[in-house]
Amino acid sequence: MLFVMFLAIQITRRWPPKQRKISMLVNQVLLLQRKFTDCRPILMARNDIKYVFKLAREAIVSQITQPVEQNESKSVKETCVICLEDTDSGSMFSVDGCMHRYCFSCMKQHVEVKLLHGMVPKCPHEGCKSELTVDSCRKFLTPKMIETLKQRTREASIPVTERVYCPYPRCSTLMSRSEALEYSKDALVRAERSGARKCLKCHALFCINCKVPWHSDMTCQDYKRKNPLPPVEDLKLKSLASMNLWRQCVKCNHIIELSEGCYHMTCRCGYEFCYNCGAEWKNKKATCSCPLWEEDLIWTENRDTDEEEMDEDSDYDDGWFVF
């Protein structure tokens with residue numbers, strides 16, 4: 001059986017892992033190695049990785065279902081192709097549409113990581129684009145994560161240029177421009193011309209053009225002339241971003257922080273750019289001459305928090321090891 005692993009350097013013991021989660025993962029791989037009769041790491045080129053996945057899947061699928069006798073009765077066990085653990089069929093999650101199956105534990109981790117990165121989770125199977133529904137995910141997600149999933153799904157359903165958030169801090173409800181206009185027509189005369197909109201949730205008035213609470217006694221031009229500077233909250237955020245070297249996506253304006261990993265960033269809106277200089281990445285290639293990563297951002301010490309996760313967009317896939 002093949003086992004594909006990102007962390008080639010640690011597996012060959014050339015560089016001891018210093019991050020807690022990476023260290024635990026490496027230890028699991030090393031323990032797994034001992035179960036094999038013959039286990040030799042081989043470095044694979046990136047263009048060969050699909051062949052490696054194919055062999056791995058064939059090896060796993062050939063052993064995926066096996067009857068097991070328990071207390072004189074038979075129950076069906078399945079092997080989760082993510083954690084490779086034998087699990088009762090009743091504890092396996094089947095993705096709607098594609099019917100790929102994984103254990104609840106792996107699905108929970110997969111969905112939570114995607115939501116943490118501001119993405120709508122899809123089937124973990126390589127190349128599969130089946131989306132997970134809120135109702136099906138209730139089987140393994142907490143109520144809080146279900147609400148986050150609803151929010152991510154809602155955001156994904158509205159194009160970036162159409163998204164509008166209520167400017168009142170205690171509300172901040174997401175809506176589309178068309179929804180806000182339709183909701184405001186009944187309550188406001190000439191809403192389309194004036195730019196006045198009514199929030200779908202808190203029902204407060206705001207300006208769709210200035211993105212501030214409604215300025216009833218002046219036009220948008222007058223408001224901008226009297227308020228040339230951004231709101232205090234925005235200035236504080238920009239100052240904090242500048243101090244911490246955060247980057248702002250030029251497509252959707254989200255603020256992004258690089259905690260660890262390479263400089264190739266993929267924003268939640270899909271825009272790819274270099275974190276070091278801000279230049280756009282096109283066709284998965286850099287348009288600048290910046291280094292791909294800084295060593296200190298790849299291997300950091302004393303990062304023992306639960307929030308420590310490997311960025312899926314980081315280019316750890318330059319080298320793969322196959323067992």
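**Exercise 1. Is Lys211 buried, partly exposed or exposed, and what is its relative accessibility?**

Solution. Keep in mind that we are working with a predicted model.

Step 1: find the residue. Lys211 sits in the loop between strand S11 (205-207) and S12.

Step 2: apply the cut-off. Exposed means over 50% relative accessible area. Lys211 has 52% relative accessibility, so Lys211 counts as exposed.

Step 3: look at the backbone. Lys211 is not a glycine, yet its phi is positive, near 60 degrees. Most residues other than glycine have a negative phi.

**Exercise 2. Describe the second largest pocket and its lining.**

Solution. Step 1: begin with the volume. The second largest pocket holds about 1400 Å³ of space.

Step 2: find the residues around its centre. The lining has 33 residues, and the closest to the centre are Tyr165, Cys210, Lys211, Asp234 and Asn253. Lys211 from the previous exercise is thus back on the list.

Step 3: assign the lining to elements. Two or more residues come from each of strand S8 (163-165), strand S12 (212-213), helix H9 (220-226) and helix H10 (232-243). H10 gives the most, with five residues.

Step 4: sort by chemistry. The lining divides into 19 nonpolar, six polar and eight charged residues.

Step 5: check the domains. Domain 3 (160-226) and domain 4 (241-286) each supply at least three residues to this lining.

**Exercise 3. Where does His254 lie, and which residues does it touch?**

Solution. Step 1: place the residue. His254 belongs to the loop between strand S13 (247-248) and strand S14 (255-256).

Step 2: list its contacts. Leaving aside residues up to four places away in sequence, His254 touches Arg247, Gln248, Cys249, Cys267 and Arg268.

Step 3: take a distance. Cys269 is 15 residues from His254 along the chain, and their C-alpha atoms are 8.9 Å apart.

Step 4: classify its exposure. With a relative accessible area of 24%, His254 is partly exposed.

**Exercise 4. What sign does phi of Leu84 have, and what is its approximate value?**

Solution. Step 1: read the angle. Phi of Leu84 is positive, about 65 degrees, although Leu84 is not a glycine.

Step 2: add the setting. Leu84 is in the loop between strand S4 (73-79) and strand S5 (86-88), and Leu84 counts as partly exposed at 24% relative accessibility.

**Exercise 5. How many helices and strands does the protein have?**

Solution. Step 1: count the elements. There are eleven helices and 19 strands.

Step 2: add the burial. Of the 323 residues, 35% count as buried.

Definitions and conventions
Residues numbered from 1 in each chain as written. Predicted model: local features only at pLDDT ≥ 70, side-chain atom pairs only at ≥ 80, totals over all residues. Heavy atoms only, no water. Helix = DSSP H or I, 4+ residues; strand = E, 2+ residues; numbered from the N terminus. Buried < 20%, exposed > 50% of the residue type's maximum accessible area, 1.4 Å probe, protein only. 1 Å grid on protein atoms, 1.4 Å probe; cavity = no way out; pocket = protein on both sides within 12 Å on 5 of 7 lines; lining within 4 Å. Points joined across faces, edges and corners; volume = space filled by probe spheres on them. Nonpolar A, V, L, I, M, F, W, Y, C, P; charged D, E, K, R; others polar. Domains from an automatic or database assignment. Contact = heavy atoms within 4.5 Å.
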